[in-house]
Amino acid sequence: MLQNKYKVFFRRVSSISQDLAMQQSADAIYRKQYLSKEIVIIDEHAMSANKLSMVNRPNMMKIIHMIENNQVDIIYAFDRTRLFRDYYEANYFVSLCRKKEVQIIYTSTGNGHQQSTGNIVLEGVMNIVGDFEGKNIARRSEEARRRYPAQKLGYVKDKQTKQFHKDPIKRETLIHFFLDLSKVQTYIELEKLLKTYQKKLGTKKTQLLRVARDPFYAGYDLSKGKNKLSHVEPYLTLSEFSDLQDKNAIVEKYLEKDQHLQEQNIFQVNCGICGKSLIFHWDIVKGAAWYSCARKHPKIHIFADSLTSIIYCTLEQIVNHLDINRLLFDSSVYFRNIRQSFLHNLDILKKDKNQILQNIIMEDNTLLNWRKHPLYEELSILEEKQEQLSAEILLKEELLLGNKQLSKLVKEYLNSTRTANPFFLSSILIQNLYIYPNEVNIEVNKFDYIQDIQTHFIFEGDDFQ
């Protein structure tokens, strides 16, 4: 039974403010050619192809999966930019359609639009153009947001003149924020300042940190030179803004420390009492990060660096208790089974060859034209299979001989990964992680080559609180 193939009509808009009316109108004439059961309509709303890759666009991935499963006959889209912006993604998509014999039709007309062709070079050029156009749009959008943001803390925007005036309600508070910020010298002072002004301005610490480094408040765009923004009423002079950046290198260090502490949240940690995920916390002033839970039960609490040390120790024990000899023994057993199967197949091929030779001899005793005999081609195929099987046996033997060295390399790799990338290794070897008031319960994924590992370890140190 043949699988149904559909005519897919795809439309996309990049933002919520846009609609699909123009694209729907453009493909209406094509939709009229088919029955409703022949059509699949896929719309993407507020999906920017500049910001999101194909794998992060669920509807685009749906189309790709349909193509891979031979469910698509024709794809209709307004133009190339609706399907993709990235050059490499475009080439992948077009090559996939060509492989699966899926036709692409663009419904846009006029303005020099180039219809889809079978010319690889031309399509590549058009994809490059689309890539450049997409990057230019992204660049212009970023510049527009930087110079004419939709909204800005401490400003009121005149929609008609596009002038940014100081917010009369927050004006004085923001002026004092910049003044107090220029006096900050320590993390403790900065933390106290941020907590004070996030309440006064009704915002978050992260936004206040962005404000502290944003030249917009000086009426400038400094991304490329010194571009004065005449439409902005500044809170600071350019000189005051520059002094603020020099004096407050503490802000950059604060952000670095904040990121460093947040990056310690790499493990999925569960509460041993209620079973729910622990909440991750961090304190820049104390320079500490920890997990905790207090959902209607005694508080569970563990510092992130203590937990990391425990996991390091556990991973080390797992790696060091890998039974390499057992792995090699099993490899030898598997090889013997494979070899036995190959030898059995070789015997069958030899018997088939002998039978064909006997048939040739019986039909032509002179053997003058035996190479032209119809059975000779079949004989050649059998001989080729015999050579392939023999080569496979030799290859498996070489792999077995190299297995001991490979096992050693794997163990060395796991040891290096234990410290370089504990998250990766723990995701493979550790199934669950439970924190109790006085212990950590780590459930290790079971596999046959871990031998004689202890079930309990004592973690010594005063960090475990």
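User: How many bridges pair strand 13 with strand 14?
Analyst: This is a predicted model, where local features need pLDDT of at least 70, side-chain atom pairs count only at pLDDT 80 or more, and totals for chains, interfaces and linings use all residues. Residues are numbered from 1 along each chain as its sequence is written, and side-chain values use heavy atoms, leaving out hydrogens and water. Strands are DSSP runs (E, at least two residues), helices are too (H or I, at least four), and both are numbered from the N terminus. Two strands pair if DSSP finds at least two bridges between them. Strand 13 (residues 430-435) and strand 14 are antiparallel, and the number of bridges is five.

User: Which residue is the bridge partner of Tyr434 in strand 14?
Analyst: Strand 14 covers 440-444. There, the partner of Tyr434 is Asn441.

User: Which strands stand at the edges of the sheet with the order 10-11-12?
Analyst: This open sheet has three strands and antiparallel pairing. Each edge strand has a single partner, so one side is left without a neighbour in the sheet. The edges are strand 10 (279-283) and strand 12 (300-303).

User: Which residue of strand 11 is the bridge partner of Ile279?
Analyst: Strand 10 and strand 11 (residues 288-293) run antiparallel, joined by five bridges. The partner of Ile279 is Ser292.

User: What angle does helix 10 make with strand 10?
Analyst: Helix 10 (residues 249-262) touches strand 10 and strand 11; contact means heavy atoms within 4.5 Å. Axes are lines fitted to C-alpha atoms, for helices over the stretch in contact, with angles from 0 to 180 degrees between N-to-C directions. The angle is about 150 degrees.
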